[in-house]
Amino acid sequence: MSFPIPPGTRDVLPDEMRELRAVLESLRESFEQAGYGEVRTPTVEYEDVLRRGDENAAGAGWRLFDDHGRLLVLRSDMTIPIARLVATRFTDHEGPLRLCYGGQAYRSVTRGSGQLTEFLQAGAELIGVPGVEGDAEIVALVLKALSAAGLRRHSVGVGDGALYRRLLGAFEVTGEQADDLVGCLMRRDMVGLEARVRSAGLPPALVEIPSLRGGPEVLDRAEEAMGEVGATAVLELRGLYEVLSRLRHAERVILDLGLVHELGYYTGAVFEVYDPAVGFALGGGGRYDQLIGRFGQPRPACGIALDVQRVHIAQAAEEKMA
Amino acid sequence: MSLVIAVPRGALMGEALDLLDALGIDTAEIRSNDRKLVFPDIGVITMRPSDVPSYVEHGAADVGITGRDVLAEQSDRDVYELLDLGFGGCRMMVAVHEDGDPLAESLRRLGRVRIATKYPRIAARHFAETGRQAEIVEVKGSVEIAPLTGLADGIVDLVATGRTLAENRLVERESIFESTARLIANPVAHRLKAREIDDLVTRIRGVRPRQTGDS
């Protein structure tokens, strides 16, 4: 006889639980030590409240009704709930606010893809510190937290979510055509991007620049290819890279001019976390300066979230290699 | 750090191996031994074309070669599509029995068409986009016999020469897209092995200058 559990969910038994708990605890400790206080929000939220933060409720996969017929969603990430929490519970709070969390989140995945619908997320949000100073703090925080958790080969991809649209704007590519090109980049369809750029007679730099990733040389290359426009477009990234170099994190930072994020609320820097032991990103995040304002309290903010199970896979791989 | 390449067996294999040869990778062992699937010395894994996106998405291979048809059917796979390799040209199309117009007839009288295919998602998308209700019947092989046996009004399939269609008295009615082989990459490898992957792309462009990027 078989008593199944929903696809994409899982049971955790003592051996794994002990290790998972240790990873989660290690991440939480690193965040707490850096001054990030842990918070918890409900697993379910009102759909219309999450929708204030992001039109499609951040891609929430699971919806249900409460006993009064109101539409609920299982949270698909922690950032919107925390934006709501900040705007409603910290109305009088002046100055920077540092929060962290660890909990389950839910997304819809394709059956048979080997990915989880219910997954354990841990992350940190920095509210009230604008620009590169805040971005650098979050990137440095996650790099240190992963080292403390036992990873040795991890790195963070850093991009600017607004960069490609800025480049397109410089060539007066707007509206549907711009959406189409950005869509190619989001689907990672470089063949489609190249074909469209070529057939529209647009400069090849619109294919080359979003393919650039690596050290600071990619910023120079963008400037070379696009002159003033390129220089302005990568100005913020250059600033962020300089701060991270000063913090001695340069060798773990991959500048990525093609990094775009599917979540609509990112306004500037975007991050993605990698480890060679795992074929998927360990996590990601970015700057969302408009999001808390949608809940009535405009404040600059940025944050990052990690998939704890993937961090655990990377950590286990390190142990095996040692 | 060198790359692990997923190479498709089947129709694309010959030209995929020719490409590796042109890049200076010795494929003699792969050609001589069709039971062996993994070739660690040259960083090659071989598999059926429709498995290539799975291996690449999960990072078991850094890059891979597969058809556009496979990528279109598995459109939710999170992989980079880096290059149109130009070879393996064929067409995704709708074919019906050569007598009459079975699709129109079925639509008019039964309100829907029934389509047999190995590509259920491509077929569903095509009929949805052209505003026709369709019942999709998924089969794993020899889809050409479906109209003849009454399983379906028509088929959605990939054709290269059209000979199999003719043998089964089928004619092509609608073209959905042209398919060629593509180079795909794992998103994490695309960052962590950026130099190796860029180098591979440049070298492929070097040996296949005209075929790339024309889709």
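**Notes on helix packing and strands in chains A and B**

1. Let me start with a helix pair in chain A: H5(A) and H9(A) are roughly antiparallel to each other, because their crossing angle falls over the 145-degree cut-off. Bear in mind throughout that this is a predicted model. The axes of H5(A), residues 163-170, and H9(A), residues 217-233, come within 10 Å and cross at roughly 155°. As for handedness, the crossing of these two helices is right-handed.

2. Who does the touching here? On the H5(A) side the contact is made by A:Leu163, A:Arg166, A:Leu167 and A:Ala170, and on the H9(A) side by A:Met226, A:Val229, A:Thr232 and A:Ala233. Sorted by character, the residues of this H5(A)–H9(A) contact come out as six nonpolar, one polar and one charged.

3. Still in chain A, have a look at H3(A), residues 79-89. Nine of its eleven residues are buried, so the rest of the structure largely encloses this helix. The buried ones are A:Thr79, A:Ile80, A:Pro81, A:Ile82, A:Ala83, A:Arg84, A:Leu85, A:Val86 and A:Ala87. What lies over them? The cover includes two elements from residues 44-53, namely strand S2 (44-46) and helix H2 (47-53), along with strands S5 (97-106) and S6 (118-127), again of chain A.

4. Over in chain B, strand S4(B), residues 63-67, has five of five residues buried, so it too is largely enclosed by the rest of the structure. Both faces are covered: B:Val63, B:Ile65 and B:Gly67 are buried on one side, B:Gly64 and B:Thr66 on the other.

5. S4(B) also has strand partners to check. S1(B), residues 5-8, runs parallel to S4(B) and is joined to it by two bridges; B:Ala6 has B:Gly64 as its bridge partner there. With S11(B), residues 181-185, S4(B) runs antiparallel, and five bridges join the two. In that pairing, B:Thr66 is partnered by B:Arg182.

6. Finally, there is an open sheet of five strands in chain B, ordered S8-S7-S9-S6-S10, with mixed pairing. Which strands stand at the edges? They are S8 (134-138) and S10 (170-179), each with a single partner strand, so one side of each is left without a neighbour in the sheet. On average, neighbouring strands of this sheet are turned by 25° against each other, direction ignored.

7. One pairing from that sheet in more detail: S7(B), residues 113-117, pairs with S8(B) in the parallel sense over five bridges. Within it, B:Arg114 has B:Glu135 of S8(B) as its bridge partner.

Technical notes. Residues numbered from 1 in each chain as written. Chains lettered and ligands numbered in written order. Predicted model: local features only at pLDDT ≥ 70, side-chain atom pairs only at ≥ 80, totals over all residues. Heavy atoms only, no water. Buried < 20%, exposed > 50% of the residue type's maximum accessible area, 1.4 Å probe, protein only. Helix = DSSP H or I, 4+ residues; strand = E, 2+ residues; numbered from the N terminus. Contact = heavy atoms within 4.5 Å. Pairing = 2+ DSSP bridges. Axes fitted to C-alpha atoms, helices over the stretch in contact; angles between N-to-C directions. Parallel < 35°, antiparallel > 145°, perpendicular 65-115°, else oblique. Left-handed = near helix turned anticlockwise from the far one by under 90°. Nonpolar A, V, L, I, M, F, W, Y, C, P; charged D, E, K, R; others polar.
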